[in-house]
Amino acid sequence: MSQSTARCSNCHKRFNLFRPRARCQRCNQRVCSECMSHKRYDANERNNVRVCNSCLQCEHPISFTFRPQGYQLRYDVYTRTAFIDGVDDMSPEYAVGLLNGCKVIAINGKMVELWNDQMIADKLNKVS
């Protein structure tokens, strides 16, 4: 076993019998089970897959204290994913972190990652 695969790529602790190695299904890095305790939907697999803490930290949660406007939802039929598009960099939405290309995962704690763009738009319009 090479030195690079003998340790977790997240916490850098050695793998052993009590800290088995696993492979993150997003970034393909070798990590220990402690650093890979979450699941997220993968459109390619069409199922929830285990992801490492590094991939989880790449997610970009945004909280609005107002009803977001001035953006569009773009839906990719192949990955069955809704993305944010058309955000102006001078808008209040941009100021709180809404970026073009953001993937819509949850609204008010409700997982909407697998919903189509119309269902997500309806849910966003009901949010006050």
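This report covers the fold, cores, cysteines and two polar residues of a predicted model.

**Overall fold and confidence**

The chain has 128 residues, and 30% of them count as buried. It holds three helices and eight strands. Read along the sequence, these elements follow the pattern β-β-β-β-α-β-β-α-β-β-α. Among contacts between residues at least 6 apart in sequence, 32% join residues at least 24 apart. The exposed surface comes to about 8,600 Å². Carbon and sulfur atoms supply 48% of that surface.

Mean pLDDT for the chain is 78. A value of 70 or more is reached by 83% of the residues. Confidence is highest in β2, at a mean of 91. It is lowest in strand β3, residues 38-42, at 75.

**Two nonpolar cores**

The largest nonpolar core has 13 residues. Within this core, C8, C24, V31 and V51 touch the most other members. Three elements give two or more residues each: β2 (30-32), β4 (47-51) and α1 (53-57). Apart from this core lies another, of eleven residues. Its members include Y71, A82, C102 and I107. In soluble globular proteins, nonpolar side chains tend to be buried together.

What does V51 touch beyond its neighbours within four places in sequence? The list runs to C24, R26, C35, M36, S37, H38, R40 and L56. V51 thus meets C24 directly, and both belong to the group in the largest core that touches the most other members.

**Cysteines without disulfides**

A search of the whole structure finds zero disulfides. C24 is in none, and the nearest cysteine sulfur to its own is that of C27, 3.7 Å away. Why is there no bond between C27 and C24? The two sulfurs are 3.7 Å apart, which is too far for a bond, because a disulfide requires sulfur atoms within 2.5 Å. The two cysteines also carry different burial labels: C24 is buried, with a relative accessible area of 1%, whereas C27 is partly exposed, at 31%.

**Two polar residues**

Where does S91 sit? Its place is the loop between β6 (81-85) and α2 (92-95). S91 is buried, because its relative accessible area is 12% and the cut-off for burial is under 20%. The S91 side chain reaches the backbone oxygen of D88 at 2.8 Å.

N16 lies in the segment before β1 (21-23). Is N16 buried, partly exposed or exposed? At 39% relative accessibility, it counts as partly exposed. The N16 side chain reaches two backbone nitrogens, that of F18 at 2.7 Å and that of R19 at 2.7 Å. On the other side in sequence, N16 and A6 are ten residues apart along the chain. Their C-alpha atoms are separated by 8.9 Å.

The polar contacts of both side chains are listed here.

| Side chain | Backbone atom reached | Distance |
|---|---|---|
| S91 | oxygen of D88 | 2.8 Å |
| N16 | nitrogen of F18 | 2.7 Å |
| N16 | nitrogen of R19 | 2.7 Å |

**In brief**

The model joins three helices and eight strands. C24 is buried at 1% and is one of the residues that touch the most other members of the largest core. S91 is buried in turn, and its side chain reaches the backbone of D88. N16 is partly exposed, with its side chain reaching the backbone nitrogens of F18 and R19.

Definitions and conventions. Residues are numbered from 1 along each chain as its sequence is written. This is a predicted model: local features need pLDDT of at least 70, side-chain atom pairs count only at pLDDT 80 or more; totals for chains, interfaces and linings use all residues. Side-chain values use heavy atoms; hydrogens and water are left out. A nonpolar core is a set of buried Ala, Val, Leu, Ile, Met, Phe, Trp, Tyr and Cys residues joined through side-chain atoms within 4.5 Å. Buried means under 20% relative accessible area, exposed over 50%, partly exposed in between (1.4 Å probe, protein chains only). Helices (H or I, at least four residues) and strands (E, at least two) are DSSP runs, numbered from the N terminus. Contact means heavy atoms within 4.5 Å. A polar contact is a pair of N or O atoms within 3.5 Å; within protein, one must be able to donate a hydrogen and the other to accept it, and residues adjacent in sequence count only if both atoms are side-chain atoms. pLDDT is the predictor's confidence in each residue, from 0 to 100. Accessible areas come from the Shrake-Rupley method with a 1.4 Å probe; for residues, only the protein chains shown count as cover.
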